[in-house]
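Visitor: I'm new to this one, so could you take me in for a close look at a single part? I'd like to hear about the sheet and what packs around it.

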Amino acid sequence: MWHNLGKITDIPKNTGRTFSLGTASIALFNLGGKFYAMQNACIHRGGPLGEGSLVSGRVTCPWHAWEFDVKTGACSTLKGATQKTYPTKTKNQEVFVEV
């Protein structure tokens with residue numbers, strides 16, 4: 001099911017934001033004008049990835065500095081580990097995520 005997360009202008013380029021969709025917590029990132037979504041709770045210890053720093057397409061968990069590629073969810077801190085990602089799309093200047 002697709003969920004409207006609001007206007008694309010509400011999420012500045014190269015930043016992240018957190019959204020609650022029922023029981024799911026989603027971290028949405030604007031990487032140079034393209035949007036990527038992943039599970040907000042870091043697989044390491046549940047840190048809020050949406051509050052982490054976004055540099056060169058990688059988000060760093062603010063709790064223990066684990067890094068994830070926002071496009072694929074691949075963890076660069078622990079090889080083979082991945083963070084759950086979700087499809088996104090934009091339409092009429094709004095961003096949507098499929099959960």
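Guide: Happy to. One term before we start: two strands count as paired if DSSP finds at least two bridges between them. Bear in mind, too, that this is a predicted model.

Now find the open sheet, where 4 strands line up in the order β2-β3-β4-β8, with antiparallel pairing. β2 (15-21) and β8 (85-86) stand at the edges with a single partner strand each, so one side of each has no neighbour in the sheet. Next, look at β3 (residues 24-31) and β4 (residues 34-39): they run antiparallel and are joined by 6 bridges. Along that pairing, L28 faces A37 in β4.

These two strands also lead us into the largest nonpolar core, which has 15 residues. The ones touching the most other members are F29, M38, C42, L49, V59, F68 and V70. Both β3 and β4 supply at least two residues of this core, and β3 gives the most, with 3 residues. In soluble globular proteins, nonpolar side chains tend to be buried together.

Pause at C42 for a moment. Leaving aside residues up to four places away in sequence, C42 touches G47, L49, C61, W66, F68 and Q83. Apart from this core lies another, of 12 residues, including I11, A24, A37 and V97. You've already met A37, the residue opposite L28.

One last stop, if you like rings: K89 lies over the face of W2, 4.5 Å from the ring centre. The charged end of K89 also sits over the ring of F96, at 6.0 Å from its centre.

Key
Residues numbered from 1 in each chain as written. Predicted model: local features only at pLDDT ≥ 70, side-chain atom pairs only at ≥ 80, totals over all residues. Heavy atoms only, no water. Lys NZ or Arg CZ within 6 Å of the ring centre and 35° of its normal. Core = buried A, V, L, I, M, F, W, Y, C linked by side-chain atoms within 4.5 Å. Buried < 20%, exposed > 50% of the residue type's maximum accessible area, 1.4 Å probe, protein only. Contact = heavy atoms within 4.5 Å.
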